[in-house]
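Subject: Structure handover

Hello,

Here is the structure for your files, with notes on what turned up in it. Please read the notes alongside the coordinates.

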Amino acid sequence: SPEFKSNCSLSEHDVETPFGMLHVVIRGAPKGNKPAILTYHDVGLNHKLCFNTFFNYEDMQEITKHFVVCHVDAPGQQIGASQLPQGYQYPTMDQLAGMLPTVVQHFGFKSIVGIGVGAGAYILAKFALIAPELVEGLVLLNIDPNGKGWIDWAATKLSGLTSNLPDTVLPHLFSQEELMNNTELVQSYRQQINNTVNQFNLHLFWNMYNSRRDLEMNRSGTVLNAKTLKCPVMLVVGDNAPAEEGVVSLSSLFPGKLTEAFKYFLQGMGYMPSASMTRLARSRTASLTSASSMEGSRSRACTNSDSTEGVGTVTHTMEVSC
């Protein structure tokens, strides 16, 4: 069994699964019978690029002190990853989801609450379908259940490995307006994707993610439907998210909005104290541009938040726009 240190500790692990090796980073230590928070990043990113800003946000510490956090990097996407061998068959989306039960069992987690962005949201939703007993709830940011058409996929395949791969991925991560304005955030991500993510490995993951719709339709005739999930789900979409397949990374959202929404989501599941007036609750201000739309979501979400332990009876989908 892996050793867990203090609440603020980070430990890196390589976990062997039926579909290959996974790089996993554990933050903190398990808290009794509470689920772990398990994250899965978007294509073009890894757990550091996708989630560091969110989990380092000051108000987020009020949440993470109650949970162990498990960051999963897709095969070959972590910083410093070796190049995957020529001819390597990248796992399908179903197989990527099928790796996660092994991760949960390896660390002895009873269950998880998943946070996924883009491709990671899709993988976590798949995980909840194949192992519903292990998933207590999901936070899915800008999930795209349908994928690109075969023409777009073919164009991506034909593009091959080029120095412009980051520019191919960026329209998936940012809106056209953000790309046209060439903001500092876009420039930063272009540089980091180019310098910290192995481009060969990224190309394999990118192609597999874009081909998923055709593979699934050919195999089973089904497309992922959030209504089939048997756990509470919080759907989050950026106001300026790109059309259809577009995904906005966590660092380009206002972290305070998502942190507060996530807290209420956990309260509704019965996993966060609701009686005490925390700093997070006190910090609410009228400056949150989507406050009015979020209030309606919260009133639906906080249906069972009096208990600090145990799973609530929330069975709905909560939608938040950031």
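Strand E2 (residues 20-27) pairs with strand E4 in the antiparallel sense over 5 bridges. Helices (H or I, at least four residues) and strands (E, at least two) are DSSP runs, numbered from the N terminus, and two strands pair if DSSP finds at least two bridges between them.

Some points on the source. This is a predicted model, in which local features need pLDDT of at least 70 and side-chain atom pairs count only at pLDDT 80 or more, while totals for chains, interfaces and linings use all residues. Residues are numbered from 1 along each chain as its sequence is written, and side-chain values use heavy atoms, with hydrogens and water left out.

Overall figures

The chain has 14 helices and 8 strands. Of its 322 residues, 55% count as buried; buried means under 20% relative accessible area, exposed over 50%, and partly exposed in between (1.4 Å probe, protein chains only). About 13,900 Å² of the chain is exposed, and carbon and sulfur atoms supply 50% of that area. Accessible areas come from the Shrake-Rupley method with a 1.4 Å probe, and for residues only the protein chains shown count as cover. Among the contacts with a separation of 6 or more, 78% are accounted for by residues 24 or more positions apart, where contact means heavy atoms within 4.5 Å.

Strands E1 to E4

E4 covers residues 69-73, and 5 of its 5 residues are buried. Val69, His71 and Asp73 lie on one side of E4 and Cys70 and Val72 on the other, and all are buried. On the E2 side, the bridge partner of Arg27 in E4 is Val69. E4 also pairs with strand E3 (residues 36-40), in the parallel sense and over 4 bridges. There, Tyr40 stands opposite Val72 of E4.

E2 has a further pairing with E1, antiparallel over 8 bridges. The two form a hairpin with 2 residues between them, and Asp14 has His23 in E2 as its bridge partner. In a regular strand the side chains alternate between the two faces of the sheet. Strand E1 (residues 10-17) shows this alternation: Ser11, His13, Val15 and Thr17 point to one face and are buried, whereas Leu10, Glu12, Asp14 and Glu16 point to the other and are not.

Rings and charges

There are 7 aromatic pairs in the structure. Rings of Phe, Tyr and Trp (its six-membered ring) pair if their centres lie within 6.5 Å; planes under 30 degrees apart count as stacked, over 60 as edge-to-face and the rest as tilted. Phe54 and Phe55 make an edge-to-face pair, with 5.3 Å centre to centre and 80° between the planes. Both Phe54 and Phe55 are buried. Tyr90 and Phe205 make a stacked pair, at 5.5 Å centre to centre and 25° between the planes. That pair links distant parts of the chain: Tyr90 is in the loop between E4 and helix H3 (93-98), and Phe205 is in helix H10 (residues 199-210), 115 residues apart. Tyr90 and Phe205 are both buried. Ring pairs also link Phe51, Phe54 and Phe55 into a cluster.

A charge sits over a ring if NZ of Lys or CZ of Arg is within 6 Å of the ring centre and within 35 degrees of the ring normal. Lys34 lies over the face of Phe67, at 5.4 Å from the ring centre. The charged end of Lys263 sits over the ring of Tyr264, 5.7 Å from its centre.

Cysteines

How many disulfides does the rule give? The count comes to 0, with a disulfide taken as a pair of cysteine sulfur atoms within 2.5 Å. Cys50 is buried at a relative accessible area of 1%, and Cys70 is buried at 0%.

Asn142 and Tyr122

Most residues other than glycine have a negative phi, and most peptide bonds are trans. Asn142 has a positive phi, near 50°. Asn142 is in the loop between strand E6 (135-141) and helix H6 (150-159), and is buried with a relative accessible area of 7%.

Tyr122 lies in helix H5 (residues 119-130) and counts as buried at 0% relative accessibility. Tyr122 and Asp144 are 22 residues apart in sequence, and their C-alpha atoms are 7.1 Å apart in space.

Regards
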